[in-house]
Structure formats: structure tokens, C-alpha cells
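Colleague: Before I rely on any of the labels attached to this model, I would like to hear the reasoning behind them. Could we go through them one at a time, setting each value beside its cut-off?

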Amino acid sequence: MSASTADKYSLIEGGIVKKLFFVAAPLIMTQVLQMAYNLTDMFWLGRLSSYAVAASGTVGLFLWLAMAFLIFGRMGAEIGVSQSLGKGDRDKALAYAQNALIVGAIMGVALAVVFISAQGLLIGFFQIQEENVARYAQDYLAIVSLSLPMAFVASAIMGIFNGVGNSRTSLVIGGVGFLLNMILTPILIFFADLGIIGAAAATVIAHSAAMTLALVLLMRYKNRPFEAFKIKISPDRDILRQIFKWVTPISVESFLFTFLTMLASVLIISFGAGAMAASRVSTQIESLTWLIAGGFASALTAFTGQNFGAGKWGRISRGFKVSSLIMACWGLTVGFILFFGGRFLIGLFIPDSPEIVEIGVEYLRILALAQIPSCLEGVAAGVFRGQGKTVPPSISSATSNTLRVVLAFFFVHFTDLGLTGIWIALTIGAGARGVWIYIWYVFYSRKVPKADGAAFSNTPK
């Protein structure tokens, strides 16, 4: 990357709001495309059958589980590259990029092998009552797992671009994959008459295209992060050790979140495939909050990482405050949509099952109460991670998610609330998670230096 290009993507100078949106807007658009694909996928599967929606929702939990491993490459690159560039050490930034790519490739292949070889055991965990749902889920998992190596590599490369501050290129990579997926899904499901297998095949093709494009842009694009990028086969142990030190708490957080969600899903699916389908659709609609918050959090990680490396403490503080205001307004907006527009939204995806729509409407109205805390969680977690402090968000997430499963079990087995009790428990957990991590960062920020360039030797966890 030339000096002029580096200045263009630098986040340590210039207006904070402008720079945040410079990075955040493409990341948010990437997340919107992901949400659009998920909703489109359910739209077409919903016209296939509610069993297909329930099956894809079950497999979706394992794809969420894969995120616990995918983030090693992506977050390792985002934190390592951004902090190194903030310090002016381009060689170290390149080393982090190369090693993050190695980690992503190895983990993607390994997880694909596990999912494919243990598909029956994994789906059997849910003790699905409907035989059709279990069969669809196994077929879907076996094929969609083939996309994991490509998804992991593409994600690591997107993390490299994000760390530099060039999230627009990440948008192009993700956008090509998501749009191709959206186009191919109905074609393969209906016109090729492949059913749910067609949806899985579309995902494999789309991720393969995204990975190919990502590699080309990383090595040939005029605004590539590094002038000469060579794919390394042998990793640097010190770099790997630091990546794992940063990302392991985030990975454990993600793994526990998904595993605990699986436990909650076992409770949900005990009420039938209809309850699982309603939960799947409602969760994707709620992604209006957590996907957008996640995109903004990634932008804050890059912004904070570069300014942390440069010792710009004032910019970090102002970025946190501005982001809090923006995301609180977004959480309020989504909460309003979920509470008043849930019936219309769910009816779009499950048009012929009024009883399932009613289940989803109740869930969305309860979830609406947790949207502002969920958005603020992304702000606090992004600023923490940009400083390399990945433990606090992980502790907050793990304990709050454990709370929601415990509450769900209690409400189902010791009260007459039934499904409503599960929705209440999930909402309490989400709200508690956001409130806790946000307050934690507010107290943490009082201990950081106030003057730019000051060393932070007594860094609290």
C-alpha cells in the first residue's frame, strides 16, 4: 500500500464520526447483505415447507458454532494489523496478516471434516421429533460444511482489510458472495428441484467465489493492504501465540453462546417444529440489531486498535461516546419495529401457518425490550477488543448467556409459562449482557490515560 493510500485509510487523524462511518458503513452493509441472504433463504425455504425452515434453523446453530473458530483468523487480523499500523510497524502488520490467514485455513478444513463425519451425531443432539426435519438437517449440514474452508479464508482476508481501515473492500468480497448466494438459492431449490440441498449447494458455490475474489484482491488489487503479500506455509510461533491470546476469550465466548443457544433450542423444539421455525424466523428478524451492532463493533475494533497503537486516548474516548449515542438510537428504532411490525414481518416468511406466526409475534414483542442494551454491548465490546482486552466481553457474554438458559429451564419446568418463559429468559439474558459490559467499560475507561501518548502500564482486565 502506498503512503497516500495508507493515509486515506488511517483512523488516527480526521473527524471521528466521519472516520467511524468510513469504516462502519461498508461493514454494516456487509451485515445487511448477510441478513438479507438469511431472510431470503428462509423466504424460499418457507415456501418449500416449515420442516425445511426448522431443519435449516437447526443446522444454522452449528454454523454459528463455527463462528467460534472463524474469528481466530478474522479477529487476529483485525487486532494485530490495526495495532501494528497504529505503531507504524508495517512488517509486524504483514506478519499478523499472514499468520491469521494460516489459522483461518487450518481451522476451516478441520471443522468441515468434523461436521461432515459426525453429522448424524450432531443432529441427534436435538432429539428432533419429526423424522423429515432430522433427515433434511443431516443432508443440509453435510453439504454446507464443504463451504467452511472457503468461508474461513475469506473472513481472515476481510479481517486484514478491516484492520487497515479499508472495509469497503471487505464489503465487495462479502457482497459478491451474498448476492451470488441469494440468486442461486431459489434457482437450485425450485428450478433445479434440489429442495433444501439446493440451498446448501448455493452456499458452497457462493463462499468459493468470495474466497477466490478475496485472494485476488489481497494480492493484486491496487489498494491491497501490502505491496508484496506472500502466503506463508510455516507460521510464526510468537505471532500465533499473541493471536490465540487475544482471540481465545472471544472464541470461548462465541462457543458458549452457541452451545447455550443449542440447549435453549432443545427446550424450544420440545414444543414442536413449529416453535423452532418461529424461533428461527424471529431470530433472523432480530438480526436487524445484532448484525448492525456487530458491523459497528468491528469498525470500533479497527478504529480503537489504530488509535491505541498510536496512543490517541482522547480519540478512543470520543469514539466510544459518539458510538454509544448512534447505536442507542438504532436499538430504539429496531425495538419499535419488532414490537409493532412483528406480525407483518413473520407473515412474509411463514404465510400459511397462522399459529406459528402468533408464536413469533410474541417472541419479537418480548425481544424488543432488549434491543438498546444489545446495541450498546457491541460498542463496549468493540472498544475493549481494539485495545486487546478481550476477556471482559467474554466474561460478560458467558455469564449472561448461562443465566438465560438457567432461567429458560426454570420457567419451562417450574412455571406455567411454557414457550413464553423461554422468550422472557432469552430477553433477560440479552439485556443483562449489554448492560453489564457497557457499565464495565465505563468504569474501565476511568483508569486509562487522559493525555495522548501516555503509557498505560497498569492496564486492568
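Colleague: What makes Glu253 count as buried?

Modeller: The relative accessibility of Glu253 in this predicted model is 11%, and because buried means under 20%, Glu253 falls in that class. Glu253 is part of helix H10, and, leaving out residues up to four places away in sequence, Glu253 touches Arg385, Pro393, Ser394 and Ser397.

Colleague: Why is the pairing of Glu253 with Arg385 called a polar contact?

Modeller: The two side chains come to 2.9 Å, and the cut-off for such a pair of N or O atoms is 3.5 Å, so the pairing of Glu253 with Arg385 qualifies as a polar contact.

Colleague: How many salt bridges does a search of the whole structure find, and what makes the pair Asp238 and Arg241 one of them?

Modeller: The search returns seven salt bridges. For Asp238 and Arg241 the N to O distance is 2.8 Å, and because the criterion is a distance within 4 Å, the pair is counted as a salt bridge. Asp238 and Arg241 are three residues apart in helix H10 (residues 237–269), which means that about one helical turn separates them.

Colleague: Are these two residues, Asp238 and Arg241, buried or exposed?

Modeller: Exposed means over 50%, so Asp238, at 54% relative accessibility, is exposed, and Arg241, with a relative accessible area of 52%, is exposed as well.

Colleague: How do you know that Arg74 and Glu78 form a salt bridge, and where do they lie?

Modeller: The closest N and O atoms of Arg74 and Glu78 are 3.4 Å apart, and since a salt bridge requires these atoms to be within 4 Å, the pair meets the criterion. Both residues belong to helix H3 (residues 50–86), where they are four residues apart, about one turn of the helix, and both Arg74 and Glu78 are buried.

Colleague: Why are Glu227 and Arg224 placed in their accessibility classes, given that their side chains meet in a salt bridge?

Modeller: Glu227 has a relative accessible area of 49%, so it is partly exposed, as that class lies between the 20% and 50% limits. Arg224 has 17% relative accessibility and therefore counts as buried, because the limit for that class is under 20%. Their N to O distance is 3.5 Å, so it also satisfies the 4 Å criterion.

Colleague: How do you know that there are zero disulfides?

Modeller: The search covered the whole structure and found zero. The sulfur of Cys329 has its closest cysteine sulfur in Cys375, at 9.9 Å, whereas a disulfide needs the two sulfur atoms within 2.5 Å, so this pair is too far apart for a bond. As for their surroundings, Cys329 is partly exposed at 46% relative accessibility, while Cys375 is buried, with a relative accessible area of 0%.

Colleague: What is the basis for saying that the length of helix H13 is close to the expected one?

Modeller: Helix H13 (residues 354–367) has 14 residues and reaches 20 Å from its first C-alpha to its last, against the 20 Å expected at 1.5 Å a residue. Its buried residues include Ile356, Val357, Tyr363 and Leu364, and what covers the buried residues of H13 includes H3, helix H11 (273–309), helix H12 (313–349), helix H14 (371–386) and helix H16 (419–445).

Colleague: Why is Leu376, in helix H14, called buried?

Modeller: Its relative accessibility is 15%, and because the limit is under 20%, Leu376 counts as buried. Leaving aside neighbours within four places in sequence, Leu376 is in contact with Ser324, Ala328 and Tyr438.

Colleague: What makes the phi of Asp193 worth a second look?

Modeller: The phi of Asp193 is near 60°, a positive value in a residue other than glycine. Most residues other than glycine have a negative phi. Asp193 sits in the loop between helix H8 (167–191) and helix H9 (196–220), and at 66% relative accessibility it counts as exposed, because the limit is over 50%.

Colleague: Which elements have the lowest and the highest mean pLDDT?

Modeller: Helix H1 (residues 3–9) has the lowest, at 57, and helix H4 (residues 90–117) the highest, at 95. The protein averages a pLDDT of 87, and 96% of the residues score at least 70. Over residues 456–461, however, the pLDDT is below 50, although this stretch has twelve contacts in the model beyond near neighbours in sequence.

Key. Residues numbered from 1 in each chain as written. Predicted model: local features only at pLDDT ≥ 70, side-chain atom pairs only at ≥ 80, totals over all residues. Heavy atoms only, no water. Buried < 20%, exposed > 50% of the residue type's maximum accessible area, 1.4 Å probe, protein only. Helix = DSSP H or I, 4+ residues; strand = E, 2+ residues; numbered from the N terminus. Expected span 1.5 Å × (residues − 1). Contact = heavy atoms within 4.5 Å. Polar contact = N/O pair within 3.5 Å; in protein donor to acceptor, adjacent residues only side chain to side chain. pLDDT = per-residue confidence, 0-100.
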